[in-house]
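This report walks through one protein model, moving from single residues to ring pairs and then to the chain as a whole. Please keep the structure open beside the text while reading.

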Amino acid sequence: LYQRAPDVIPGTLPEMRTASYWINRMDNPQEVVMTQDQIEVMNNSYQQRIRNYLASDGDTGRRIREQLTRSPGLYAYRPEINSKTPKELSETVRGIIDKQINLLRGRTFGNVMGVQYANHELDALETEMSNNTISDEIHPQPGITVSDSRLRMIPALRPEYVGLTQVGKSRWDVWNLDVLPIASPVQILHVSKSSGHVFVLTDYGYGWMKSENVAIASQSEIDDFVNSAEFIVSTGDRVPFYNDSNAVYVSGWIRMGARLPLANTDNHRLIRVPVRQLNGELSVQNAWLLHDADVHRGFLPYTRENVVGLGFTMLDNLYDWTGGWYGRNDGSVLRDIFKTFGFDIPANGVFLSVFSEDNWVSSADDTREERYTDMISTSPFTTFMTSRSGHSLLYLGEHNNEPVVFDTHGYGYVQEDGTEIEIRRWSIATLSLPDYLLRQDVTITNIK
């Protein structure tokens, strides 16, 4: 096994692993940074800004397009499929699946054991995508997820069918695109050969999802459910819900940032959950939360203290680059934290770097001391730092005139005795371990 790095990463202090350490360093930690109306304005302005960047010839536009090419199914902003004719939608779906097939065929992949796929296995995966049966005129079928659901670029015919690209180090399933939480609305656009998968449009991109994870309903039913004015939002990493008030048997889980309607406005423990019937249709049922469940009625106030609390809920979680193991990466962990406040930030670092108009670039040409001075002048817990390659961090504060960050590390380091150890988890760290971010331009994005 790889040797696990200690909890306290070099350059940090043990007490930095407590929320109280950071809260005590703040002025007015309970002050509301932005109201819900202001957050909604930022969400909407980002949608227009990312469109403009995508259409531009500048460096940022080029890097955004590179992200879309690398991950077929990812989009920079939500497509308005209602503006497309059924024939145009068919051409869109066929084009995306063609790119996904090119991904499947364009590199060498291995299964969960790290063994290269046989040609007949790759053929079976391509057959499952059933690109030759896509309707010439697609009429979307509304649906909703009934559990946490992986959104995949390549459908997993068998549990061991994942997209590994190397035997050692990074055991990531690069065929996965993201993870959608329970109660996420989707549009079903195509069905796989076995009918075991549906190709869907979601808030996180286009991709494949297991059919049993999606319940079918009318658009009005789904809209009424997901847009309920009375709801709880999960403020815990994974919050269980139960079949009755005695809370004996867990019936499902709610990821951080996911929301579910209240069944009774006088009882925040009683919620409504989507359930898939055997015929595939939606059934809305009541479920129960624990008395002390990590949920909040409505969106959580956007305060620095709340950001701290949510961040430490995720401390030491595994770094799961694509969500193939239902985990999070550097971008999706920030997305899920800030969803609890009502933000619709993207999980992709390149997109995230332009989420706010209040951003600037720390140049790789400047000295390390100059960069540190500029970086620590920013606002703790409301500032993202994103490298040119797209890795994103949350700025916490300074120690010995060096920035300290929440970083979902995807790497390790060598100790003084020459032993190589691995981090690969959500941790408190500095920018100098490793210092590859400091060899790049870093965009500082203020969310306030």
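Ser283 lies in strand β15, which covers residues 282–288, in a model that is predicted. Ser283 has a relative accessibility of 17%, and because buried means under 20%, this residue counts as buried. Its side chain makes a polar contact of 3.4 Å with the side chain of Gln285. When residues up to four places away in sequence are left out, Ser283 touches Val273, Pro274, Val275 and Gln277.

A second serine, Ser234, belongs to strand β10 (residues 231–234), and with a relative accessible area of 0% Ser234 is buried. What does the side chain of Ser234 reach at 3.2 Å? The partner is the backbone oxygen of Gly236, and the backbone oxygen of Arg255 also lies 3.4 Å from a polar atom of the Ser234 side chain. Beyond the residues up to four places away in sequence, Ser234 touches a list of residues that includes Val239, Ile254, Met256, Asp294 and Thr340.

Thr386 is found in strand β19, which runs over residues 383–387, and at 1% relative accessibility Thr386 counts as buried. The side chain of Thr386 makes a polar contact with the side chain of Ser392 at 3.1 Å. Leaving aside neighbours within four places in sequence, Thr386 is in contact with several residues, among them Gly349, Leu352, His391, Asp441 and Thr443. Thr386 and Asp244 are 142 residues apart along the chain, and their C-alpha atoms are separated by 44 Å.

The polar contacts described above for these residues can be set side by side.

| Side chain of | Partner | Distance |
|---|---|---|
| Ser283 | side chain of Gln285 | 3.4 Å |
| Ser234 | backbone oxygen of Gly236 | 3.2 Å |
| Ser234 | backbone oxygen of Arg255 | 3.4 Å |
| Thr386 | side chain of Ser392 | 3.1 Å |

Two loop residues deserve a look for their backbone angles. Ala247 has a phi near 55°, which is a positive value in a residue other than glycine, and this alanine lies in the loop between β11 (238–242) and β12 (250–255). Asn401 likewise has a positive phi, near 65°, in a residue other than glycine, and is found in the loop between β20 (392–399) and β21 (402–408). Are these two residues buried or exposed? Ala247 is buried, with a relative accessible area of 19%, whereas Asn401 counts as exposed at 56% relative accessibility.

The aromatic rings give another view of the model, since a search of the whole structure finds 22 aromatic pairs. In one of them, the rings of Tyr21 and Trp22 have their centres 4.8 Å apart and their planes at 85°, and because planes over 60 degrees apart count as edge-to-face, so does this pair. Tyr21 counts as buried at 18% relative accessibility, and Trp22 counts as buried at 1%. Trp172 and Tyr319 form another edge-to-face pair, with 5.3 Å from centre to centre and 75° between the planes. This pair links distant parts of the chain, since Trp172 sits in the loop between β4 (149–152) and β5 (176–180), while Tyr319 sits in the loop between α7 (304–313) and α8 (330–339), 147 residues apart. Trp172 and Tyr319 are both buried.

Ring pairs also link Tyr46, Tyr302, Phe338, Phe341, Phe343, Phe355 and Phe384 into a cluster. In addition, two arginines lie over ring faces: Arg238 over the face of Trp253, at 4.0 Å from the ring centre, and Arg259 over the face of Phe231, at 3.7 Å from the ring centre.

For the protein chain as a whole, the secondary structure comes to 10 helices and 25 strands. The radius of gyration is 22 Å, close to the 22 Å that the globule rule gives for 448 residues, so the chain is as compact as a globular protein of that length. Along its principal axes, the C-alpha trace spans about 60 × 55 × 45 Å. Of the 448 residues, 55% count as buried, and the chain exposes about 19700 Å², of which carbon and sulfur atoms supply 47%. Among contacts between residues at least 6 apart in sequence, 70% join residues at least 24 apart.

Definitions and conventions:
Residues numbered from 1 in each chain as written. Predicted model: local features only at pLDDT ≥ 70, side-chain atom pairs only at ≥ 80, totals over all residues. Heavy atoms only, no water. Phe/Tyr/Trp six-rings, centres within 6.5 Å; stacked < 30°, edge-to-face > 60°. Buried < 20%, exposed > 50% of the residue type's maximum accessible area, 1.4 Å probe, protein only. Helix = DSSP H or I, 4+ residues; strand = E, 2+ residues; numbered from the N terminus. Lys NZ or Arg CZ within 6 Å of the ring centre and 35° of its normal. Polar contact = N/O pair within 3.5 Å; in protein donor to acceptor, adjacent residues only side chain to side chain. Contact = heavy atoms within 4.5 Å. Rg over C-alpha atoms; globule rule 2.2 N^0.38 Å. Areas by Shrake-Rupley, 256 points an atom, 1.4 Å probe, with all protein chains shown as cover.
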